[in-house]
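Got your viewer open? Let's take a short walk through this one, one selection at a time.

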Amino acid sequence: MKTLPFLEEEIVKQLPLNYRYIKKLEVALTTELKQGKRFSISNFHYSGQYLTAETYKPISNIFISDLIKKHEDDF
Amino acid sequence: MILVLSYKKFEQGTDPVVDWLIHYNADFMRVSVDDIASVQQNYTVDIYNDDIIYKGKSLKDKVKVIWNRRVLVDFQIKAELENLSAKAQLRGEANQELRHLTEFIAESLIDKKWLPPFKSRNINKLDQLRSAKNSGLNVPRSKVLNNKADVISFNNELDGGLITKPIDFCGYYTHEADTYTIFTNELTPERMADLPNFFFPTLFQEKIEVEYEIRVFYLDGEFDSIVTVNKSLTKDVDKKLYSADSNSHQVPYNLSSLLKDQLTGLMQSLNLNIGSIDVMKSKNGRFYFLEVNPVGQYLSESCTGNFFTEKKIAEWLIKSDK
């Protein structure tokens, strides 16, 4: 029976069946656990993809649409 | 004013929206359970006058809309105590005090516009399946069983076998360099043979032969959907285990009008105005509802699908504050 290393088999037998099929992962790849690993290199959460995505933040408070509108107003 | 309820620390679903609220100069206040449990923040819950004063402001007066993102209470005693059972009891009792306080504060603000409504936040997943079926959606045939004979009988009724997963949730158990958690598991013939005659009530579902899985973000009648396509032959039954696989690709996806109508009906029946919905398309072309998380994560899909979901949430809050 696959189980948690710190649980006796007798305890696991009393729990829902799913605890017999528990999956082992490496803490280092599960950065959600805040074990001091860099979130941006988490393979588990494929967050490396965030680096290729457009930033969600309005960094400068200036948008292209604002500039176009300003340009249009000039005419 | 917009009241944002979330963690004090970084929360990937909260902070990008707060950035947009700042950008739009929105009138908002962020409050965390840490603040409620804090011995540093000054606030008063005035039961006699039916008001909540936080940082000198009457929340009953000022607040029009509440983003109910994270309000989980988990008070920790920050000291070692030799008596572990006393420590657990103290923590439990302190958390119960905070839970009652949080519920009272929420009830006091119940006439405000909530995203999602306070009482809809923790919807039972079994209830979700029943409501989805009543809304005309396909759902996997599901049973909670406690004995081997019924599992075998249920399995024999189905062509594709069974999967099992927690009724609600399993967190991470960390031990040295490893961590343990429960995903969706296939009930293989070996596992079936190993079942004891009786066991703790466990959820079993019909295994659907999946073509692909769709993550749908729903906000007040609007949908942003993304599909995870994986052509690998040896994929797990739980999408979370193959999302990072190099054979997995995520692309924006258009839901059919019928499916949108059915999902909208479900969300209305669950009294939800926001949620991350998991849908599966089977190899025989049918769409199956799996579950909805009213406070699910969305940022990865927002970035990959270029949806700007965080901006849409901020704009919804601002619109509702008018």
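What is the mean pLDDT of chain B, and what share of its residues reach 70 or more? Colour chain B by confidence: the mean is 88, and 94% of the residues reach 70 or more. Keep in mind that this is a predicted model, with an ipTM of 0.74 and a pTM of 0.81. Wherever pLDDT is low, don't read the predicted coordinates in detail.

**Stop one: chain A.** Select chain A and show it as a cartoon. You'll find two helices and one strand, and going from the N terminus the order is α-β-α. Now colour by burial: of the 75 residues in chain A, 12% are buried. If you look at contacts within chain A with a separation of 6 or more, 0% of them link residues 24 or more positions apart.

**Stop two: where the chains pair up.** Stay on chain A and pick residues 23-26, which form strand β1. Which strand of chain B does β1 pair with? Add residues 178-181 of chain B to the selection: this is β11, and the two strands run antiparallel, joined by four bridges. To see one of the bridges, click Leu25(A), whose partner in β11(B) is Thr179(B).

**Stop three: the hairpin in chain B.** Keep β11(B) selected and add residues 173-175 of chain B, strand β10, which pairs with β11(B) in the antiparallel sense over three bridges. Tyr173(B) is bridged to Tyr180(B) in β11(B). Two residues sit between the strands of this hairpin, and Glu176(B) has a positive phi near 55 degrees.

**Stop four: an open sheet.** Next, bring up β3, β4 and β5 of chain B, which make an open, antiparallel three-stranded sheet in just that order. β3 (43-46) and β5 (57-58) are the edge strands with a single partner each, so each has one side without a neighbour in the sheet. Zoom in on β3(B) and β4 (residues 51-54) of chain B to find four bridges, and note that Asp46(B) has Asp51(B) as its bridge partner in β4(B).

**Last stop: a helix.** Select residues 309-320 of chain B, helix α10. Try the distance tool on its end C-alpha atoms: they are 16 Å apart, which agrees with the 16 Å that twelve residues should span at 1.5 Å a residue. Now show side chains for the buried residues of α10(B): Thr309(B), Glu310(B), Ile313(B), Ala314(B), Trp316(B) and Leu317(B). Look down the axis and you'll see why they share a side of α10(B): their arc is only 160 degrees.

Methods:
Residues are numbered from 1 along each chain as its sequence is written. Chains are lettered from A and ligands numbered from 1 in the order in which they are written. This is a predicted model: local features need pLDDT of at least 70, side-chain atom pairs count only at pLDDT 80 or more; totals for chains, interfaces and linings use all residues. A residue is buried if 20 or more other C-beta atoms lie within 10 Å of its own, exposed if 12 or fewer, and partly exposed in between; C-beta atoms are placed from the backbone. Two residues are in contact if their C-beta atoms, placed from the backbone, lie within 7 Å. Two strands pair if DSSP finds at least two bridges between them. pLDDT is the predictor's confidence in each residue, from 0 to 100. The expected span of a helix is 1.5 Å times one less than its number of residues. The arc is that of the directions from the helix axis to the C-beta atoms.
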